[in-house]
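Grab a pencil and work through these short exercises one at a time. Try each task yourself before you read its solution.

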Amino acid sequence: MKLLIIEDEKELSDSICSYFSNEKFTCETAYDFRSAIEKINLYDYVAVILDITLPHGSGLDILKEIKTNDKTEGVIIISAKNSLEDKLAGLKTGADDYLTKPFHLPELGARVAAIIRRISFGGKNQITFDQLILDLEEKKLRGPDGSIDLTKKEYALLLYFISNKNRVVTKEAIVEHLWGDEIEMANSYDFVYTHIKNLRKKLMQSGCPDYIKVVYGMGYNFTIAE
């Protein structure tokens with residue numbers, strides 16, 4: 001799950017990134033209006049954490065850009081502005097939530113998780129796919145033979161597959177989703193194949209069928225075999 005954190009205070013941005021990285025998210029950052037607009041127009045995110053007051057522009061204009069382009073990201077505004085007028089402006093423009101600074105990171109985490117559940121999984125805390133049970137709150141996975149331990153990347157990959165079940169996803173889309181800003185560091189797709197291979201192995205060792213189908217020349221389809 002990939003987040004975009006738009007916050008000009010680098011220390012706060014780093015703290016938010018560190019917290020969500022530990023929660024198995026991939027984080028990208030933007031410290032000003034221009035870089036934020038560029039990333040919003042280039043990439044897709046599961047959610048955006050958005051400060052209103054930014055160098056060279058307003059966070060509310062970024063929010064308008066997201067909504068004008070019919071993008072599906074959930075948006076939570078974080079702001080030092082605590083007036084009712086600012087909160088209403090943000091919510092009326094299309095924000096999903098509004099959190100006033102200073103705040104506790106676990107509260108921000110809970111609100112982001114709630115937005116993701118509502119947008120991606122109909123508000124559910126638990127997802128069932130065939131013989132798999134994924135607890136979104138605890139970030140734990142169970143298969144036919146019990147608990148399945150996944151790395152951060154394997155968890156993100158599985159969640160991406162389940163979110164796009166029965167649809168072909170390309171290697172490029174997987175790379176962008178899992179690595180975000182680090183995408184340019186990769187000079188081959190070997191690391192993608194490795195993560196997919198390891199995820200497939202763990203699921204099948206737990207008693208699951210092979211859900212990950214290769215669609216040659218296109219990508220992968222996460223589906224239940226007929």
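**Exercise 1.** Find which residues of helix 7 and helix 8 meet, and sort them by character.

*Solution.* Keep in mind that you're looking at a predicted model.
- Step 1: On the helix 7 side, look for K171, I174, V175 and W179. Their partners in helix 8 are F191, V192, Y193, H195 and I196.
- Step 2: Now sort the residues of this contact: 7 are nonpolar, 1 is polar and 1 is charged.

**Exercise 2.** Work out how helix 7 and helix 8 are oriented: are they roughly parallel or roughly perpendicular to each other?

*Solution.*
- Step 1: Helix 7 covers residues 171-179, and its axis comes within 10 Å of the axis of helix 8.
- Step 2: The two axes cross at roughly 85°.
- Step 3: Angles of 65 to 115 degrees count as roughly perpendicular, so helix 7 and helix 8 are roughly perpendicular to each other.

**Exercise 3.** Draw the open sheet with its strands in order, then add the helix that packs on the sheet.

*Solution.*
- Step 1: Sketch 3 strands in the order 12-14-13, with antiparallel pairing.
- Step 2: Mark the edges, which are strand 12 (168-169) and strand 13 (212-215); each of them pairs on one side only.
- Step 3: Add helix 8 (residues 190-205), which packs on the sheet and touches strand 13 and strand 14. Its direction makes about 140° with that of strand 13.

**Exercise 4.** Zoom in on strand 13 and strand 14: how many bridges join them, and which residues stand opposite K213 and V215?

*Solution.*
- Step 1: Strand 14 spans residues 219-222 and runs antiparallel to strand 13, with 4 bridges joining the two.
- Step 2: Start from K213, and you'll find its bridge partner N221 in strand 14.
- Step 3: Move on to V215, which stands opposite G219.
- Step 4: Check the turn of this hairpin, where 3 residues lie between the strands. There, G217 takes a positive phi near 80°.

**Exercise 5.** Decide whether G143 is buried or exposed, and list what G143 touches.

*Solution.*
- Step 1: Look for G143 in strand 10, which covers residues 140-143.
- Step 2: The relative accessibility of G143 is 13%. Buried means under 20%, so G143 counts as buried.
- Step 3: Leave out residues up to four places away in sequence, and G143 touches Q131, L132, I148 and S206.
- Step 4: Finally, go from G143 to I196, 53 residues apart along the chain: their C-alpha atoms are separated by 17 Å.

Technical notes
Residues numbered from 1 in each chain as written. Predicted model: local features only at pLDDT ≥ 70, side-chain atom pairs only at ≥ 80, totals over all residues. Heavy atoms only, no water. Buried < 20%, exposed > 50% of the residue type's maximum accessible area, 1.4 Å probe, protein only. Contact = heavy atoms within 4.5 Å. Pairing = 2+ DSSP bridges. Axes fitted to C-alpha atoms, helices over the stretch in contact; angles between N-to-C directions. Parallel < 35°, antiparallel > 145°, perpendicular 65-115°, else oblique. Nonpolar A, V, L, I, M, F, W, Y, C, P; charged D, E, K, R; others polar.
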